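User: Please take a close look at one part of this structure and build outwards from there. I am new to the subject, so kindly explain each term when it first appears.

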Amino acid sequence: MSATTVHGHAAHAEHEHHDLGFIRTYVFSTDHKMIAKQFLFMGLFMLIIGGALALVVRWQLAWPETPVPGLGMILTETGGVIEPSHYNMAFTMHATIMIFFVVMPILAGAFGNFLIPLQIGARDMAFPTLNMLSFWTTFPAALIMIAGFFVPGGHAAAGWTSYTPLSSVAQYTGVNWGQNLWCISLFVMGVGSMMGSINYITTIINMRAPGMSLFRMPLALWSLFITAILLLLALPVLTSAAAMLLFDRTLGTNWFNPSQGGEPLLWQHLFWYFGHPEVYILILPAMGIASEILPVFCRKPIFGYHAMAFSMIGIAFLSWIVYGHHMFVSGMNPMLGLTFTITTMIIAVPSAIKTFNWLGTLWGGRITFPPPMLFALGFVSMFVIGGLSGIFMASTPVDIYIQDTYFIVAHIHYVVFGGSIMGAFAAIYFWFPKMFGRMTNNALGHVHFWLTIVAFNVTFFPMHIIGVGGQMRRIYNPMQYEFLQHQQHWNVIMTVGALVLGFSQILFAINFLMSIASGKKAPANPWNANTLEWLAESPPPHLNWGPRIPTVYRGPYEYSSPEGPEDWLPQDRLVVASSS
Amino acid sequence: MLNWWLPENVATFGDEIDWLFHLIYWITGITFVLVAVTFLAFLFLYRDRPGRRARYTHGSTPLEIAWTVTPTLILVVLTFLSLPAWSRIKMSMPQTDFVVQVRAKQFNWEFTYPGADGKFGTPDDKTFLDEMHVPTGKPVRINLGARDVIHSFFVPQFRFKQDAVPGREIAAWFEVRKPGKYEAPCAELCGFGHSGMKAWVFAHAGADYDTWAAENLKGEAAPAAAGAKPADATPADAKPADAKPVKTEEKAKR
């Protein structure tokens with residue numbers, strides 16, 4: 001493998017020109033590092049929109065039907081008061097944007113693109129042009145999604161799950177083109193995502209540097225590899241379902257409309273068959289990122305490398321046969337509930353293994369706490385809560401009660417915010433020096449972390465409590481229910497937490513932008529880390545490496561190895577008389 | 001402990017659900033405390049101090065086997081505690097002659113009683129809007145359907161939830177132990193009026209139910225007459241019901 005790879009790189013390098021001009025360098029770039037930055041900026045921009053929508057939702061739940069400060073400029077006819085149709089649109093688009101246009105572009109898009117060639121020692125992706133097309137497909141998808149806010153009838157308001165026939169018959173929601181654009185956008189996004197995932201898989205299989213065997217790959221690469229496989233297999237299901245929904249709405253087909261012979265549960269089966277692997281698409285890269293960062297700042301090898309890799313593979317397989325746990329009370333044959341209970345319980349085991357291995361990595365370490373480590377630790381601790389709360393739902397009888405309550409909302413946010421977004425912040429702080437060639441501000445990073453983790457828990461932990469108290473998700477005004485009124489104070493507390501959480505991200509934005517402009521110049525390897533990306537300059541030049549690509553002699557986490565006097569041993573360093 | 005989390009349970013299978021809930025609560029709670037204490041202790045004990053070098057280890061097979069097997073065993077036990085309860089609640093139907101047809105529509109619940117002849121689909125059926133009356137101590141079978149979009153019939157204090165799906169009729173049941181008035185919200189997003197879509201379930205002790213039924217269900221086949229006396233026999237704590245009986249004008253549209 002190695003000989004052909006080296007040859008391939010050399011041939012590839014000859015075709016490239018370093019002086020590409022503005023458009024080819026910054027806009028229609030085929031350089032994986034630039035595409036990674038494009039995905040990152042897009043994801044962070046969409047995070048602002050998704051976050052603002054979340055605050056709108058939270059405001060309404062805490063202080064129902066009072067004017068939102070500043071919203072009067074947009075909702076002129078109501079003076080800033082959120083109406084039920086606005087509210088449904090806000091939570092629908094909050095989830096849609098956060099899942100498809102924030103977490104996926106940042107974790108899979110940005111860090112997948114940035115890390116894969118650098119960590120395997122390649123000069124670029126296998127298909128650079130396809131890579132460029134992947135971004136330039138995802139970006140219009142985001143524009144289409146944003147356009148939905150400006151069409152008559154408003155944006156999609158049937159939940160991010162878009163259960164039919166609420167979503168498939170316009171008269172039920174009063175939403176017309178908003179829902180159509182939602183379908184079109186996800187279809188286009190799905191195509192872009194498939195291009196990216198094919199590229200990731202091909203690159204990792206074919207273009208690893210000499211000596212980089214699969215079990216010498218950093219766990220971030222394992223996670224991105226497995227994520228890409230899940231993306232490749234899951235996204236076609238979503239795109240097909242989105243097309244079917246669009247055809248029902250515009251061409252008069254009747255896949256999902258029962259009054260014309262369609263089957264509403266078909267949508268749920270298609271959606272969750274995609275949707276559960278999707279949850280792991282969101283969390284696996286964050287697991288890989290945490291597994292990458294913990295060893296560096298513990299100065300010791302990851303605990304149980306093989307178990308970490310195999311547990312991710314196990315999760316990937318099992319993720320296909322658990323989706324029915326979203327549908328226990330949907331009217332699906334309750335017999336199926338039995339099987340999905342068993343598989344859902346089993347899928348908790350690999351996550352438990354990973355958690356204990358992260359703890360094992362801390363054991364006996366020499367731990368320092370810069371911002372990337374803080375966010376990685378935040379990821380681990382919040383993921384523990386999100387994982388444990390999942391066991392309640394796996395037990396079908398308990399799920400009867402907590403299905404569609406705020407307990408579910410708490411769970412998903414501990415996994416996707418506490419997990420994926422914390423992982424994304426950890427990754428940004430960790431690889432920022434490599435991406436932009438500058439260091440971030442340490443003090444601002446610390447303040448950002450502590451505000452985020454405290455406000456996060458104030459915002460989301462009480463959701464468990466009100467969920468068990470029975471509060472349904474997606475309701476506009478809890479005060480309409482007598483049995484919920486006694487816990488309304490929690491909604492106020494959560495909204496205050498959410499406001500602090502939202503506004504403390506301004507610190508991150510300041511740190512991020514100021515550091516790009518005028519951060520301290522970063523050395524090639526600021527964290528004394530072992531993996532290959534730290535051999536390249538910061539930021540890496542076009543085609544990443546000098547005249548020859550690195551050769552790999554050992555696994556990625558040889559910290560504090562007795563082989564050398566230093567407490568790190570890069571993957572490419574040849575130690576004479578070594579037995580590794 | 002922490003019963004204040006859950007609203008009071010008044011239905012028979014709610015006990016099983018609450019028992020499982022509390023079991024999982026304790027298992028996950030203890031696990032969380034152990035993990036969190038270990039986590040924080042490691043962060044403190046192994047913080048960077050001058051002159052220390054991290055322990056060079058790649059793992060420990062016995063430990064890894066231990067923490068694979070232990071959660072697996074706990075989850076297997078939980079699985080086999082959950083499955084029988086699930087099959088008793090959702091896969092079996094106790095013998096009962098008390099059947100109510102429930103139809104959800106944007107944004108109301110319709111409850112249809114078979115009337116004097118005991119059959120649905122006859123002119124003496126009685127339908128009530130957002131108001132359901134059931135006896136205590138007797139399994140209640142509901143035949144659940146929806147007229148437009150998916151709704152979900154949720155009665156928190158019965159620990160009951162079942163989606164109502166247009167195009168199909170789903171049989172479900174509960175048995176109430178304690179008389180009272182219970183809120184039954186829709187739990188599945190069903191449109192702009194989803195919030196506030198709810199019914200009241202009135203559970204009457206035996207004789208009270210008979211009184212209510214005699215006054216409201218046994219009338220002649222004139223739905224308008226039945227509307228004259230809505231829900232006289234509600235329990236003392238219940239406010240006069242604002243719901244009106246409506247005509248049973250339609251079969252579930254397919």
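Analyst: Asn544(A) lies in the segment that follows helix α16 (488–518) of chain A; helices (DSSP runs of H or I, at least four residues) and strands (runs of E, at least two) are numbered from the N terminus. The model is a predicted one, in which local features need pLDDT of at least 70 and side-chain atom pairs count only at pLDDT 80 or more, while totals for chains, interfaces and linings use all residues. Residues are numbered from 1 along each chain as its sequence is written, and chains are lettered from A and ligands numbered from 1 in the order in which they are written.

Although Asn544(A) is not a glycine, its phi is positive, at about 70°. Asn544(A) counts as buried because it has 24 C-beta neighbours inside 10 Å. A residue is buried with 20 or more other C-beta atoms within 10 Å of its own, exposed with 12 or fewer, and partly exposed in between, the C-beta atoms being placed from the backbone.

Chain B offers a counterpart in Asp130(B), a residue other than glycine whose phi is also positive, near 55°. Asp130(B) has 19 C-beta neighbours inside 10 Å and therefore counts as partly exposed. Its place is the loop between β3 and β4 (131–135) of chain B.

Strand β3 (residues 126–129) of chain B shows alternating side chains. Lys126(B) and Phe128(B) point to one face and are buried, whereas Thr127(B) and Leu129(B) point to the other and are not. In general, side chains in a regular strand alternate between the two faces of the sheet. Strand β2 (residues 108–113) of chain B runs antiparallel to β3(B), and four bridges join them; strands pair if DSSP finds at least two bridges between them. Within this pairing, Phe111(B) stands opposite Phe128(B). In the loop between β1 (99–105) and β2 of chain B one finds Phe107(B), and the peptide bond from Gln106(B) to Phe107(B) is cis, with omega near 0°.

A second antiparallel pairing in chain B joins strand β5 (residues 140–146) to β8(B) over five bridges, with Ile142(B) opposite Ala172(B). Strand β8 (residues 170–174) has four of its five residues buried, so it is largely enclosed by the rest of the structure. Chain B as a whole contains four helices and 11 strands, and 42% of its 254 residues are buried.

The view can now widen to the meeting of the chains. In total, 73 residues of chain B are in contact with 80 residues of chain A, contact being C-beta atoms, placed from the backbone, within 7 Å. On the side of chain B that touches chain A, the largest share, 16 residues, comes from α2(B).

Helix α2 (61–91) of chain B also appears among the elements that cover the buried residues of α10(A), together with α8 (219–250), α9 (264–298) and α11 (334–362) of chain A. These buried residues of α10(A) include Tyr305(A), Met308(A), Met312(A) and Ile315(A). An α-helix has 3.6 residues a turn, so residues three or four places apart point the same way.

Notes: Two residues are in contact if their C-beta atoms, placed from the backbone, lie within 7 Å.
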